[in-house]
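Trainee: I would like to learn how to read a structure, one feature at a time. Can we take it slowly and start with a single residue?

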Amino acid sequence: MTELKRTIKSIATEVGFTHFGVSGAQPLDKEGQILKEWIDHGFHGSMKWMEKKFDWRTNPESYFPGTRSIISLGVNYYTSNRHSGAKNMGKISNYAWGEDYHDVLGEKLRRMTGKLEKLYPHAKFKSCCDTAPVMEKALAVRAGIGWIGKNTNLLTKETGSWLFLAEIFTDLELESDLPVPDFCGSCTLCLDNCPTNALVEPYILDSNLCISYLTIEHKGEFDENTPSLNGWIYGCDICQEVCPWNNFQTETDEYAFQPSELGTELDVEFASTISDDEFRAEFKGSPIKRTKAEGLRRNAGHL
């Protein structure tokens with residue numbers, strides 16, 4: 001590892017990133033073709049924004065002109081808390097138990113890029129965390145952080161799939177890391193255990209059937225074809241919980257991802273009657289605000 005890369009990795013660790021890898025700025029041609037076919041099948045549901053700025057998603061140079069290297073970063077968010085299983089409670093996905101990861105990782109990115117800009121004043125840096133039209137998981141695979149599992153999540157040997165991702169695009173020339181093999185093998189536990197059969201085949205997810213998509217991204221009311229949410233009021237972790245690689249996870253060091261006062265689940269009656277004002281006050285700073293009050297009331301009514 002070059003001294004330049006070693007210094008940057010040290011800064012990443014200092015600000016709290018648990019995973020670090022570097023890839024070049026070559027176009028994501030193969031990954032882009034897979035994405036196009038997925039969209040052409042309508043597997044993205046109502047997420048029409050995924051159809052836009054396709055050149056930015058598939059070509060780092062289009063997204064940030066002058067890019068020579070992409071630093072992929074990750075933060076372990078796993079906590080060992082559990083759901084109670086009570087019938088009057090709706091389960092929340094692990095990733096939304098604590099503070100909004102956009103805010104937490106955004107602050108880490110600001111600290112890291114600030115340090116980099118001081119050290120390398122003539123270099124350019126552009127950071128993003130799940131808000132820009134870039135293929136984060138594909139870039140993380142290129143950077144050797146992990147591989148795409150059959151459940152379409154990024155899997156790592158260190159923390160399984162309990163990982164938030166972020167990137168820094170730069171015109172610095174950095175040594176690229178080598179991708180790791182796909183270690184899913186013959187395992188199909190994620191496909192076998194998905195209650196809605198959203199994983200139509202290995203590595204292919206139909207969002208229209210995915211509980212996470214339905215409870216978070218889907219806009220409008222549900223219809224008679226909407227599958228059961230299986231007790232999940234916001235998100236779903238089933239395909240992660242059954243994954244053998246998530247048997248090796250470790251507790252996150254990031255306190256912000258520990259459950260807030262809301263806990264790991266919501267009272268269904270409370271969620272079904274919450275007002276817009278109550279929702280804004282209750283979920284300020286929480287990822288759950290993404291579904292909006294009407295979405296949460298809808299989800300509660302379908303449990």
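Mentor: Start with Glu-51, which has a relative accessibility of 40% and counts as partly exposed. Keep in mind that this is a predicted model.

Trainee: What makes 40% "partly exposed" for Glu-51?

Mentor: Under 20% a residue is called buried, over 50% exposed, and in between partly exposed. Glu-51, at 40%, therefore gets the middle label. Lys-48 gets that label as well, with a relative accessible area of 46%.

Trainee: In what contact do the side chains of Lys-48 and Glu-51 meet?

Mentor: The general idea first: side chains of opposite charge can pair when their charged atoms come close. In this case Lys-48 and Glu-51 form a salt bridge, with 3.8 Å from N to O. The cut-off for such a pair is 4 Å, so 3.8 Å is enough.

Trainee: How many salt bridges does the structure hold?

Mentor: There are 13 salt bridges in the structure. One of them joins Glu-173 to Arg-68, whose closest N and O atoms are 2.8 Å apart. These two partners come from distant parts of the chain, 105 residues apart. Glu-173 belongs to the loop between strand S7 (163–170) and helix H7 (189–193), and Arg-68 to the loop between helix H4 (60–63) and strand S2 (69–76). Arg-68 is partly exposed, at 45% relative accessible area.

Trainee: How far apart in helix H11 are Asp-277 and Arg-280?

Mentor: They are 3 residues apart in helix H11 (residues 276–282), which means a separation of about one helical turn. Their side chains meet in a salt bridge of 2.3 Å, N to O. Asp-277 has a relative accessible area of 56%, so this residue is exposed.

Trainee: Next, the sheets. What is the order of the strands in the open sheet of 4 strands?

Mentor: To read a sheet, list the strands as they lie side by side, then look at the direction of each pairing. Here the order is S1-S2-S7-S4, and the pairing is antiparallel. Strand S1 (19–24) and strand S4 (125–128) are the edge strands, each pairing on one side only. On average, neighbouring strands of this sheet are turned by 20° against each other, direction ignored.

Trainee: How many bridges join S2 to S7?

Mentor: The two strands run antiparallel and are joined by 8 bridges. For one position, take Leu-73: its bridge partner in S7 is Ala-166. Gly-74 also has its place in strand S2, and its relative accessibility is 0%, so Gly-74 counts as buried.

Trainee: What is the order of the strands in the open sheet of 3 strands?

Mentor: It reads S10-S3-S11, with mixed pairing. S10 and S11 each have a single partner strand and stand at the edges, so one side of each has no neighbour in the sheet. From one strand to the next the twist averages 45°.

Trainee: How do I see that the pairing is mixed?

Mentor: Look at each neighbour of S3 in turn. With strand S11 (residues 265–267), S3 pairs in the antiparallel sense over 3 bridges. With strand S10 (residues 232–234), S3 pairs in the parallel sense over 2 bridges. On the S11 side, Met-89 has Asp-267 as its bridge partner. On the S10 side, Lys-91 is partnered by Trp-232, and Ile-92 stands opposite Tyr-234.

Trainee: Which side chains along strand S3 are buried and which are not?

Mentor: In a regular strand the side chains alternate between the two faces of the sheet. Strand S3 (residues 89–92) shows this alternation: Gly-90 and Ile-92 point to one face and are buried, whereas Met-89 and Lys-91 point to the other face and are not.

Trainee: Last, a pocket. Which residues lie nearest the centre of the second largest pocket?

Mentor: For a pocket, ask about its space, its lining and the kinds of residue there. The second largest pocket holds about 160 Å³ of space. Its lining has 13 residues, and Tyr-78, Asn-81, Arg-82, Trp-162 and Glu-241 lie nearest the centre. By kind, the lining residues are 3 nonpolar, 7 polar and 3 charged.

Terms used: Residues are numbered from 1 along each chain as its sequence is written. This is a predicted model: local features need pLDDT of at least 70, side-chain atom pairs count only at pLDDT 80 or more; totals for chains, interfaces and linings use all residues. Side-chain values use heavy atoms; hydrogens and water are left out. On a 1 Å grid over the protein atoms alone, a cavity is a set of points where a 1.4 Å probe fits but cannot get out, and a pocket is an open set with protein on both sides within 12 Å along at least five of seven lines; lining residues have an atom within 4 Å of a point. Grid points are joined across faces, edges and corners, and a volume is the space filled by probe spheres set on the points. Ala, Val, Leu, Ile, Met, Phe, Trp, Tyr, Cys and Pro count as nonpolar, Asp, Glu, Lys and Arg as charged, and the others, Gly among them, as polar. Buried means under 20% relative accessible area, exposed over 50%, partly exposed in between (1.4 Å probe, protein chains only). Two strands pair if DSSP finds at least two bridges between them. Axes are lines fitted to C-alpha atoms, for helices over the stretch in contact, and angles run from 0 to 180 degrees between N-to-C directions.
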